[in-house]
Number of protein chains: 2
Amino acid sequence: MTYCVGIKLNAGLVFLSDSRTNAGVDNISTYRKMIIYEKPGDRFMVLLSAGNLSISQSVREILQVEQLKETPESEPLTIWNCNSMFDACRILGQAVRHVYQRDAQSLKHAGVEFNVNLIFGGQIRGENMRLFQVYSAGNFIEATAETPYFQIGEYKYGKPVLDRVLTPETDLDEAAKCALVSMDSTMKSNLSVGPPLDLVVYEANRYETDKVVCIDMQNPYYRMLHTGWGQKLREVFDSLEDPVWDDAHTDTPLRCEDTTGGRNKPLKKITRPEEKLI
Amino acid sequence: MTYCVGIKLNAGLVFLSDSRTNAGVDNISTYRKMIIYEKPGDRFMVLLSAGNLSISQSVREILQVEQLKETPESEPLTIWNCNSMFDACRILGQAVRHVYQRDAQSLKHAGVEFNVNLIFGGQIRGENMRLFQVYSAGNFIEATAETPYFQIGEYKYGKPVLDRVLTPETDLDEAAKCALVSMDSTMKSNLSVGPPLDLVVYEANRYETDKVVCIDMQNPYYRMLHTGWGQKLREVFDSLEDPVWDDAHTDTPLRCEDTTGGRNKPLKKITRPEEKLI
């Protein structure tokens with residue numbers, strides 16, 4: 001499996017990916033799942049991929065030469081010359097469909113689902129930053145202020161912390177930290193997600209970035225975050241009052257009067273009477 | 001969906017279940033997923049269920065009258081007279097198989113999978129506490145000291161906190177708190193898990209309990225936990241240093257020398273040169 005997250009903030013974009021792939025549990029390898037496209041001063045784009053590795057590698061390969069023609073006469077659009085991220089994402093969707101046409105039938109014969117999930121975001125001069133999630137059918141959705149992030153792959157373990165922290169106003173370094181904590185929780189509970197991690201941070205209206213880093217388990221910042229988060233989470237956990245069953249001793253009793261007119265009563269037990277010794 | 005967790009500690013057992021069921025997103029109802037069986041002084045058992053509601057309700061109904069006969073002559077075993085939790089769990093497995101024989105073919109015709117997942121734990125006088133997870137085929141596994149808990153249903157969101165906190169030495173109130181935090185994270189990120197919650201705490205060698213509570217969103221303890229965990233998690237998050245891209249200013253740089261002989265270098269970008277204005 002895989003875990004990737006892409007975040008769109010007012011201040012910029014954050015992308016993070018793991019690099020573990022597996023075909024079953026006894027065939028685990030390292031493949032990096034991020035591609036960065038950059039034409040300084042003009043456009044900056046990042047692609048994250050999850051799903052079947054042969055499909056996502058083919059999509060990445062084809063994307064570089066994929067051309068979209070609106071009409072037979074019109075100039076062919078590529079990710080390098082199109083005027084909007086929406087068009088760039090249409091080109092990516094078309095690349096997915098080309099791989100589908102080439103491979104889906106044979107994959108189906110082999111009992112393999114055509115499964116690819118992509119996060120694609122960036123900025124092209126003349127418009128604001130945009131972030132998309134692209135599905136196996138080549139269709140896609142765009143992130144909005146209400147949901148400023150997308151996840152692909154093993155997304156559930158690391159979702160709660162994103163839900164708690166991220167808003168469009170979050171600053172870039174904080175969002176990068178949040179993505180790394182989300183990844184750390186995922187790696188703690190799921191073996192199919194693993195290091196090294198690729199992290200990219202893009203500042204709005206720069207059309208390039210030098211904030212690109214590969215993070216392994218010896219990385220000093222990641223080690224601090226991993227250890228610190230684990231320890232402090234534990235301290236927070238310990239600092240919260242344990243449940244008190246007798247409500248005489250606490251302001252926050254676990255047992256209290258039912259205020260729902262009897263709907264939420266404690267469960268009745270199914271009982272057998274105690275046997276009396278004769 | 002559902003989220004249930006059962007925990008076995010040296011000090012006792014903790015069981016927690018939500019009560020949301022859904023058939024699609026437009027048909028959401030409340031069904032409580034815990035059953036408590038108690039014969040004071042002799043045995044105490046709890047059953048948690050996830051999966052297809054018609055199957056789990058049938059299993060619960062049948063379990064009360066299910067009989068296991070080792071040989072045609074032997075006394076029939078029920079959950080009320082068997083001498084071990086292992087036998088009680090075999091009786092539960094047999095109840096699952098009876099429902100399978102009755103319903104699976106018709107469910108298959110309707111395109112519905114025979115899907116039921118159960119957690120079953122407790123203590124029968126004469127042996128230690130035991131905790132089992134039972135699958136759709138009626139087979140089961142038992143919790144051991146290395147993995148002192150089972151989850152069924154939407155288990156991923158709430159798994160990291162269990163992995164961080166629980167050991168067999170954890171005390172009962174702390175484990176109950178941990179289960180509630182795990183449930184809180186799950187409810188925050190997944191609509192298919194919802195209140196009220198049923199919580200039972202059993203102390204070892206008591207063969208009965210009065211620690212049974214139904215927790216709705218007005219419950220003072222749950223509200224304290226929900227608010228406190230969210231706020232303090234945020235404080236911990238804020239207290240951890242943000243990543244610093246320039247390593248002159250920090251002991252824990254995000255960017256550092258590659259110590260892996262070049263394997264974990266930052267990704268190369270795919271670039272196009274900046275266009276020169278003529």
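The legends below describe close-up views of a predicted model with two chains, A and B.

**View 1. The side of chain B that touches chain A, with its extent and make-up.** In this predicted model, 82 residues of chain B are in contact with 83 residues of chain A. The area buried between the two chains is about 8300 Å², and carbon and sulfur atoms give 61% of that area. Between chain B and chain A there are 38 residue pairs in polar contact, both residues of a pair being at pLDDT 80 or more. On the chain B side, at least two residues each are supplied by strand 5 (34-39), helix 3 (159-165), helix 4 (172-189), strand 11 (197-203), strand 12 (212-215), helix 5 (220-239) and strand 13 (270-271). Helix 5 of chain B gives the most to this side, with 14 residues. By residue class, the side of chain B that touches chain A divides into 38 nonpolar, 13 polar and 31 charged residues.

**View 2. A salt bridge between B:Lys177 and A:Asp242.** The count of salt bridges between chain B and chain A is 10, and the pair shown here, B:Lys177 with A:Asp242, has its closest N and O atoms 3.1 Å apart.

**View 3. A sheet to which both chains contribute strands.** Six strands form an open sheet with mixed pairing, in the order 13(A)-5(B)-6(B)-7(B)-8(B)-9(B). The edge strands, each of which pairs on one side only, are strand 13 of chain A and strand 9 (140-142) of chain B. At the edge given by chain A, strand 13 (residues 270-271) runs parallel to strand 5 of chain B and is joined to that strand by two bridges, with A:Thr271 standing opposite B:Glu38. At the other edge, strand 8 (residues 130-134) and strand 9 of chain B run antiparallel and are joined by three bridges; here B:Gln133 of chain B stands opposite B:Ile141 in strand 9. As background to reading such a view, side chains in a regular strand alternate between the two faces of the sheet.

**View 4. Strand 1 of chain B and the two strands that pair with this strand.** Strand 1 of chain B is mostly covered, since five of its six residues are buried. Its pairing with strand 10 (residues 149-153) of chain B is antiparallel and extends over five bridges, and within strand 10 the residue opposite B:Cys4 is B:Ile152. Strand 1 also pairs in the antiparallel sense with strand 2 (residues 12-17) of chain B, again over five bridges, and there B:Leu16 is the bridge partner of B:Val5. A hairpin of three residues joins strand 1 to strand 2 of chain B.

**View 5. The surroundings of B:Thr2, in the segment before strand 1 (3-8) of chain B**. B:Thr2 counts as buried because its relative accessibility is 6%, which falls under the 20% cut-off for that class. A polar contact of 3.0 Å links the side chain of B:Thr2 with the side chain of B:Lys33. Not counting residues up to four places away in sequence, B:Thr2 touches a set of residues that includes B:Asp18, B:Arg20, B:Ser49, B:Ala50, B:Ile152 and B:Val193.

**View 6. The surroundings of B:Asp42, in the loop between strand 5 and strand 6 (43-51) of chain B**. The side chains of B:Asp42 and B:Arg43 are joined by a polar contact of 2.6 Å. Leaving aside neighbours within four places in sequence, B:Asp42 is in contact with B:Trp80, B:Gln123, B:Ile124, B:Arg125 and B:Tyr207. The view also takes in B:Asn81, which is 39 residues apart from B:Asp42 along the chain, with a separation of 9.5 Å between the two C-alpha atoms.

**View 7. The surroundings of A:Ser84, in the loop between helix 1 (53-63) and helix 2 (85-109) of chain A**. A:Ser84 counts as buried because its relative accessibility is 13%, again under the 20% cut-off. A polar atom of the side chain of A:Ser84 lies 3.0 Å from the backbone nitrogen of A:Asp87. Beyond residues up to four places away in sequence, A:Ser84 touches A:Ile124 and A:Glu127.

Definitions and conventions:
Residues are numbered from 1 along each chain as its sequence is written. Chains are lettered from A and ligands numbered from 1 in the order in which they are written. This is a predicted model: local features need pLDDT of at least 70, side-chain atom pairs count only at pLDDT 80 or more; totals for chains, interfaces and linings use all residues. Side-chain values use heavy atoms; hydrogens and water are left out. Contact means heavy atoms within 4.5 Å. Buried area is the accessible area (1.4 Å probe) that two parts lose on being put together, summed over both. A salt bridge is a side-chain nitrogen of Lys or Arg within 4 Å of a carboxyl oxygen of Asp or Glu. A polar contact is a pair of N or O atoms within 3.5 Å; within protein, one must be able to donate a hydrogen and the other to accept it, and residues adjacent in sequence count only if both atoms are side-chain atoms. Helices (H or I, at least four residues) and strands (E, at least two) are DSSP runs, numbered from the N terminus. Ala, Val, Leu, Ile, Met, Phe, Trp, Tyr, Cys and Pro count as nonpolar, Asp, Glu, Lys and Arg as charged, and the others, Gly among them, as polar. Two strands pair if DSSP finds at least two bridges between them. Buried means under 20% relative accessible area, exposed over 50%, partly exposed in between (1.4 Å probe, protein chains only).
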